[in-house]
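Hi,

Here is the structure I promised to pass on. Have a look at it first, then read my notes underneath.

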Amino acid sequence: MSRATEDAGGRLDDAARAGWLYYIAGKTQEEIAAQLGISRQGAQRLVSLSVSAGLVKVRIDHPIAACLELGRRLQDRFALTSVEVVPSDETSPSTTLGIAEACASRIERTLLQAEPLVIGIGTGRTLRAAVENLPRIRCPQHRLVSLTGNIAPDGSAAVYNVIFSLADKIDAAHYPMPLPVVASSPGERSLLHQQKVVQISLQLARQADIAFVGIGEVGPQAQLLMDRFISESERDELVATGGIGEIVGWVYDRDGHILDCAFNKRVVSAPFPLRKSAEVVGVAMGEPKRESILAALSGGLVDSLITDEQTAIALLSSETSSAQPVSKFAATRGSG
């Protein structure tokens, strides 16, 4: 190990100690400086580093009344199992602010359950950020299964596939899907699904008790396009076909129906929606995703939602949000 690496590691150790003394033990910066034998300015810098380096995680335990009310109204409007709404910061450029932490808390509560569960895991920036906020947990009673492939079109590992980073945090059996997200043809998808190791993952996905998925848009900022799973011409074709949103690769229309289209015939992900008894927790926020979130809620593609205040207000004020949600099995066209 190089001297620079050792120095960096030692500084993080000092930052962690300073952060613990400040946030947990309630010490002042003067007291920390005295205990560590450094200046007050040095103590202040270490406390700041403990936050910027992600060594300190902050959770607000007090329920915010306005967010609770928005969640209740969304839950009633769309017949959802649960809704969690976090405060919004309109000045922040982050697309995961707040909801990643809320999703991490929900995943943690699920992992801490004693009853053995099969937990389906989607992909995306928000879920990856949520996993980064998880503590280390030992839960060998559970099985984790990826709902989508983990290979990018160029053969590299998909950047926002979550199953491996989650497996690093917890002690539980995990089953990746060693496949591309999208096959080159329906025939190739069929061949890939016939592989024994893939069939194991697909069978587990069909047994999922709960799943955590991101909700993507199909438009200028489509995650499938940004992550190079589709080309601009394919994106334009999906929009022309009526595509409005995407969950684990499956593209659906504004009524929440999985499209019967050429693209979906190449999607290698586990069939979606999942079985009726599975709870699907959708995690998404932001103006670009509002129509795709609304469609997922209206079509019954998700059972629970984690989002932010501004998105919740927009969903409730949408003219089409009065549409009655449908069973998840009414939205399965083309998903087999």
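Let's start with a question: which residue stands opposite Gly282 in β9? That is Val213. Before going on, please keep in mind that this is a predicted model, where local features need pLDDT of at least 70, side-chain atom pairs count only at pLDDT 80 or more, and totals for chains, interfaces and linings use all residues. Residues are numbered from 1 along each chain as its sequence is written, and side-chain values use heavy atoms, with hydrogens and water left out.

First, the sheet. Names such as β9 come from DSSP runs numbered from the N terminus: helices are H or I with at least four residues, strands are E with at least two. Strand β5 (residues 210–214) and strand β9 (residues 279–283) are a parallel pair with five bridges; pairing requires that DSSP finds at least two bridges between two strands. They belong to an open sheet of seven strands, with parallel pairing and the order β1-β10-β9-β5-β2-β3-β4. At its edges are β1 (82–86) and β4 (170–175), each of which pairs on one side only. On average, neighbouring strands of this sheet are turned by 20° against each other, ignoring direction. (Axes are lines fitted to C-alpha atoms, for helices over the stretch in contact, and angles run from 0 to 180 degrees between N-to-C directions.) Helix α4 packs on the sheet and touches β1 and β10 (304–308), and its direction makes about 145° with that of β1. Touching, or contact, means heavy atoms within 4.5 Å.

Next, a pair of helices. The axes of α4 (residues 65–78) and α13 (residues 309–317) come within 10 Å and cross at roughly 40°. That is why α4 counts as oblique to α13: under 35 degrees is roughly parallel, over 145 roughly antiparallel, 65 to 115 roughly perpendicular, and the rest oblique. The crossing is left-handed, meaning that the near helix is turned anticlockwise from the far one by less than a right angle (clockwise would be right-handed). On the α4 side, the residues are Ala66, Cys67, Leu70, Arg73, Leu74 and Arg77, and they meet Glu309, Ala312, Ile313, Leu315 and Leu316 in α13. By class, this contact has eight nonpolar, no polar and three charged residues.

Which residues of α13 are buried? They are Thr311, Ala312, Ala314, Leu315 and Leu316, where buried means under 20% relative accessible area, exposed over 50%, and partly exposed in between (1.4 Å probe, protein chains only). These buried residues pack against α4, β1, α12 (290–298) and β10. Gln310 also sits in α13, but counts as partly exposed because its relative accessibility is 29%. Leaving out residues up to four places away in sequence, Gln310 touches Ser88, Glu90 and Arg290.

Last, some backbone details. Most residues other than glycine have a negative phi, and most peptide bonds are trans. Ala79, in the loop between α4 and β1, has a positive phi near 55° and is exposed, with a relative accessible area of 62%. Val248 lies in the loop between β7 (245–247) and β8; its phi is also positive, near 40°, yet Val248 is buried at 4% relative accessibility. Finally, Phe272 and Pro273 are joined by a cis peptide bond, with omega about 5°, and Pro273 is in the loop between β8 (250–252) and β9.

Cheers

Conventions
Ala, Val, Leu, Ile, Met, Phe, Trp, Tyr, Cys and Pro count as nonpolar, Asp, Glu, Lys and Arg as charged, and the others, Gly among them, as polar.
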